[in-house]
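Biologist: I have not looked at this one before. Can you take me through it?

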Amino acid sequence: MSNASDAAIREDCLAAIAPHVPVLRELAGRRLAITGGSGFLGSWLAETVTALNDEHKMDIRLDVLAYRASAWAADYEHLGGRPDVSTRDQDVRSSFEFASDVSFVVHAAGIPDGRVHSSDPLRVFQTCVTGIGNVLDAASKLSNMAGLLNVSSGLIYGGQAGPGGFTEDTFGGLDIGQVSHVYAESKRAAESLCAAYRSQFRIPIVTTRPFTFVGPYQKLNRPWALNNFLRDALGGREIRVHGDGETRRSYMYGSDAACWVLVALVKGTPGRAYNLGSKGVMSIRQLAEEISLQVERRPAVLFRTLPAAQLRQSDFFPSTDRAMQELKVQETVGISSALAKTIAWHKRQASC
Amino acid sequence: MPRVTISDPTLRDGNHAVRHQLKKEHFAVYCKAADAANVPIVEVGHGNGLGASSMLVGECGVTDREILEVARTNLTHSKLGIHLIPGFATVKKDLSQAVSMGVDVFRVASHCTEADTTERHIGYLREAGKEVYGVLMMSHMADPQTLVDEARKLESYGAEGVVIMDSAGAYLPNDVTERISALVGGITVPVGFHAHNNLGMATANSVAAVNAGASIIDGSARGFGAGAGNAQLEVIIAVFQRLGIETGVDLYKILDAADIAERDFIPLLPSISSVSIVSGLHGVFSGFIKQVQKIAAERGVDPRDIFAELGKRKAVAGQESLIIEVAIDLQKGKKLQ
């Protein structure tokens, strides 16, 4: 990772947390553990926590637990090599303990990749359900437990989004017999287990339900439209949209996502869930066209590249009213800027 | 008006029918003719696909590189397609070469219950910006729900279409309707169908597939393909025209292409032989026919009995060695009688 990239990301993190520094002082001098810490959200959380330490003297100690935490530390040495960041290779499917002085936990371990949902649904289920069970067991042993944030998924809502997006208390049906729903269903089960632990062990658990993200640290080989469009555009190829492009999504930038997570961790009401996503709704068509505009060679955008693809509109975006009203959070990076930052980061990565 | 994409495997599946001995000039002349007929995708290669030339399944008369060079030179409008099965085709040796040689469409195939084996190949090709379909072979061996589960894997890996193959020519139209309908309802990418004619149903099954929502249909000139052959391309183009199904293929020019194929490289037109019927009835891969006939003659056993036993043992492509095992068992049984 280049220094220039560090500086750009640091700037984004500082902009996102600026209004929340007083609230985030709750974390100062405490130890925070993040499971699944090597993923997109975990990496942005590490960037944000280290920004709080360097620029606001918070002295937060960060434990990054992940299936391949040591590989992440090697890849992102500017994070993994810091004295205030420690890493541990930990599969949450096995029982474990947090360091005894951990006060805050963000449980972000999960497998959102649809390829794994299809190929290895058992691992997906075990990571979600056995994983949260092990995290909650470990958290229940902490004497200074101040807050646990469970990163769930916006997919648990099922069904179709209303005009204003999915709200935190509207639940549709999921066909539990379909393997493709294993992630959403196991995230529901994980939330249910959180409710049980909160009730029986009084662990202060807040839930956040992420939707779709954009930004540095996002791998281009992931099976989502945004990633595919960026990969093709950056590779100098045309952008292929298989449907008519009318399905709608919203994309939250990484620094905003990390900031909202930390604010929810310290300020969220235990037992309450908050959507984590952008209110900037756009169609897949608009996304593809925006990406094309931001790449020098302006790749063509092709729609319905194959005949009779089943045109099913499956909109997926949140209502962010609750989070914005109760947590007083805002987005600081819009989609055009987010795409520009993401494209610039990938170009810098490629040149390293 | 429904629209389907025609994929023409004359120069790939047809290679099975001549023990993979199609010559460079055959690839050249047919590619040129299919291109003139505006066939959307022309598939070329060894019968079992890229990297498959081997003693086990048959050595190809020309190399993959030679085939791709000739095809690429002679296709200007039509897309150049290849079939590949992970295991035969490797990423480093075969796929990277095919990508660099300008192949447009990659059809990554697996046995109908083994879609997991395709993830790396599909991922590599999508990252290379190529058009990729997933293919489920011997699809009659899986029930509709299993096919949907496997197709979802292919879609999640990045396949932009999923084609099911009736590799044994075992389907009747209702079987096709049931499976294609389930797939169309179960995945979001286009669904395709590849017929074999063992029971004389290839055209009817292709029509059933389109009626059930398939939008990619395979057909070979004169039906040139493994065993009893595929759906006959020029026939399905004509039938689709009658049914108001748009293909974009020029009928007269595809009739010309089929004439050229028959004249230049189809030594024996596909027919529904007795063993083909038995192969279809028992759901055994059509590509086994030549080897079954050869081994049956060598061992003095009835090829129909070999097919019946292969069907019982659920033999799949790549298990050609099982033919000898079955023949030996049958021989022993004879001696015991």
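Modeller: What follows covers chain A, a helix pair within it, and its contact with chain B; the model is predicted.

Biologist: How many helices and strands are there in chain A?

Modeller: Chain A has 13 helices and 12 strands.

Biologist: And why is it called as compact as a globular protein of that length?

Modeller: Its radius of gyration is 19 Å, close to the 20 Å that the globule rule gives for 352 residues, so chain A is as compact as a globular protein of that length. The C-alpha trace spans about 60 × 50 × 35 Å along the principal axes.

Biologist: What percentage of chain A is buried?

Modeller: Of the 352 residues, 49% are buried.

Biologist: Now helices. How do H7(A) and H8(A) cross?

Modeller: Their axes come within 9 Å and cross at roughly 15 degrees. Angles under 35 degrees count as roughly parallel, so H7(A) is roughly parallel to H8(A). The crossing is right-handed.

Biologist: Which residues make that contact?

Modeller: On H7(A) they include A:Val124, A:Phe125 and A:Ile132, and on H8(A) they include A:Leu193, A:Tyr197 and A:Phe201. By class, the contact has 15 nonpolar, 3 polar and 1 charged residues.

Biologist: Different topic. How many residues does each chain give to the contact between A and B?

Modeller: Chain A gives 20 residues and chain B gives 22 residues.

Biologist: Which element gives the largest share on the side of chain A?

Modeller: That is H6(A), with 5 residues. Helix H9 (225–234) of chain A also gives two or more. The residues on that side of chain A divide into 6 nonpolar, 9 polar and 5 charged.

How values were computed. Residues are numbered from 1 along each chain as its sequence is written. Chains are lettered from A and ligands numbered from 1 in the order in which they are written. This is a predicted model: local features need pLDDT of at least 70, side-chain atom pairs count only at pLDDT 80 or more; totals for chains, interfaces and linings use all residues. Two residues are in contact if their C-beta atoms, placed from the backbone, lie within 7 Å. Helices (H or I, at least four residues) and strands (E, at least two) are DSSP runs, numbered from the N terminus. Ala, Val, Leu, Ile, Met, Phe, Trp, Tyr, Cys and Pro count as nonpolar, Asp, Glu, Lys and Arg as charged, and the others, Gly among them, as polar. The radius of gyration is taken over C-alpha atoms; the globule rule is 2.2 Å times the number of residues to the power 0.38. A residue is buried if 20 or more other C-beta atoms lie within 10 Å of its own, exposed if 12 or fewer, and partly exposed in between; C-beta atoms are placed from the backbone. Axes are lines fitted to C-alpha atoms, for helices over the stretch in contact, and angles run from 0 to 180 degrees between N-to-C directions. Angles under 35 degrees count as roughly parallel, over 145 as roughly antiparallel, 65 to 115 as roughly perpendicular and the rest as oblique. A crossing is left-handed if the near helix is turned anticlockwise from the far one by less than a right angle, and right-handed if clockwise.
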